[in-house]
Amino acid sequence: MSWKIKAQKMLNKKQYDAHMTKADRDYTPCTPYGYSTFSPWFEDWFQEMYAKVKDNTVVREDRCYILHRFCQRSTHLEGDFAECGVYKGGTAYLLAHTLQKEEAEGRRLHLFDTFQGMPDIADEDPSTHKEGDLGDVSLDAIKSYLNPFPFVEFHPGFIPETLRPFEDRKFAFAHIDVDLYQTSKDCCEFFYDRMVSGGVMIFDDYGFPGYKLAEKKAVDEFFADKIEEPISLRTGQCIVIKL
Ligand SMILES: C[S@@+](CC[C@H](N)C(=O)[O-])C[C@H]1O[C@@H](n2cnc3c(N)ncnc32)[C@H](O)[C@@H]1O
């Protein structure tokens, strides 16, 4: 069986990587259309950036590329940057590194998570998560990993309680990667009114089947009566640009 067929079956990360050559990565298959499209996340410059985060994230490089690019363009806006759902700090590192490269270190990057894994509300959530999932983390280790970026602020605890002290802030960019229905809904409710015009909200798990009744349902319900439409990406993410 060719790697392309294996890739389409998406067996697992290791098997997929083993079948990719550099040439294969420039343009990758777009199932079900039968054509391939440009895949810049496999270019050397981005792979170098991804190498710094891949052991600390569950987010693959195509989604990280989207995060990087939208973070970069959001530096032209007023407002803080935020991530809800940090786990081991991989995507947070990518965002911080991007801000540093853009010489935007004057901006704050706020990180919200229990930093102890999924909270107890996970047990009642329509996703398959349970309390304590993704709990193999240490806040000290994450702080040390993100030490090169003094503009990063850690807000450990339960979302939405940890968001409340920031009610008077404006945001240019919010990465929402919390998986759960209620947490996703709480993040929508908090950030939407606080995003500046042109500000970007990215939802990591919108398009994955396991989160159809969780993150996707929360986003769809929240934006049903808003002027903005969630834009679904092939990566599984969706983006909302505040009007
Ligand atoms: C998929 S992980 C985040 C992945 C991360 N962005 C990465 O780079 O791998 C989801 C995170 O959401 C957090 N989370 C979910 N609901 C939460 C809540 N109500 N309060 C705080 N953290 C929450 C979990 O603790 C978990 O670390």
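A residue counts as partly exposed when the number of other C-beta atoms within 10 Å of its own falls between the limits for buried (20 or more) and exposed (12 or fewer).

**View 1. Asp-24 sits in helix α3 of this predicted model.** Helix α3 covers residues 22-26. With 16 other C-beta atoms within 10 Å, Asp-24 lands in between those limits, so it is partly exposed. For a sense of scale, Asp-24 and Lys-226 are 202 residues apart along the chain, and their C-alpha atoms are separated by 41 Å.

**View 2. Here are the surroundings of the ligand, with 21 residues around it.** Which residues come nearest to the ligand? They are Thr-57, Gly-85, Tyr-87, Thr-91 and Ile-159. By class, the shell splits into 11 nonpolar, seven polar and three charged residues.

**View 3. Ile-159 also leads into a cis peptide bond.** The bond runs from Ile-159 to Pro-160, with omega near 20°. Pro-160 belongs to the loop between β5 (152-156) and β6 (171-176). Another cis bond links Thr-31 to Pro-32, this time with omega near 5°. That proline, Pro-32, is in the loop between β1 (27-30) and β2 (35-38). As background, most peptide bonds are trans.

**View 4. Helices α4 and α5 pack at an angle of about 100°.** Their axes are 11 Å apart, with α4 spanning residues 44-51 and α5 spanning 61-74. That angle makes α4 roughly perpendicular to α5. On the α4 side, Phe-46, Met-49 and Tyr-50 do the meeting; α5 brings Glu-61, Cys-64, Tyr-65 and His-68. Sorted by class, this contact has five nonpolar residues, one polar and one charged.

**View 5. Met-201 is a well-connected member of the largest nonpolar core.** That core holds 58 residues, and Leu-95 and Met-201 touch the most other members. Leaving out residues up to four places away in sequence, Met-201 touches Ala-174, Ile-176, Phe-191, Met-195, Ile-239 and Val-240. In soluble globular proteins, nonpolar side chains tend to be buried together.

**View 6. Glu-103 has a positive phi of about 55°, and so does Phe-115.** Neither Glu-103 nor Phe-115 is a glycine. Glu-103 is in the loop between α6 (90-101) and β4 (109-113), whereas Phe-115 is in the loop between β4 and α7 (139-145). Buried or exposed, what is Glu-103? Glu-103 is exposed, because just 8 other C-beta atoms lie within 10 Å. Phe-115 has 22 within that distance, so it is buried.

Key:
Residues are numbered from 1 along each chain as its sequence is written. This is a predicted model: local features need pLDDT of at least 70, side-chain atom pairs count only at pLDDT 80 or more; totals for chains, interfaces and linings use all residues. A residue is near a molecule or strand if its C-beta atom, placed from the backbone, lies within 6 Å of it. Ala, Val, Leu, Ile, Met, Phe, Trp, Tyr, Cys and Pro count as nonpolar, Asp, Glu, Lys and Arg as charged, and the others, Gly among them, as polar. A nonpolar core is a set of buried Ala, Val, Leu, Ile, Met, Phe, Trp, Tyr and Cys residues joined through C-beta atoms within 7 Å. Two residues are in contact if their C-beta atoms, placed from the backbone, lie within 7 Å. Axes are lines fitted to C-alpha atoms, for helices over the stretch in contact, and angles run from 0 to 180 degrees between N-to-C directions. Helices (H or I, at least four residues) and strands (E, at least two) are DSSP runs, numbered from the N terminus. Angles under 35 degrees count as roughly parallel, over 145 as roughly antiparallel, 65 to 115 as roughly perpendicular and the rest as oblique.
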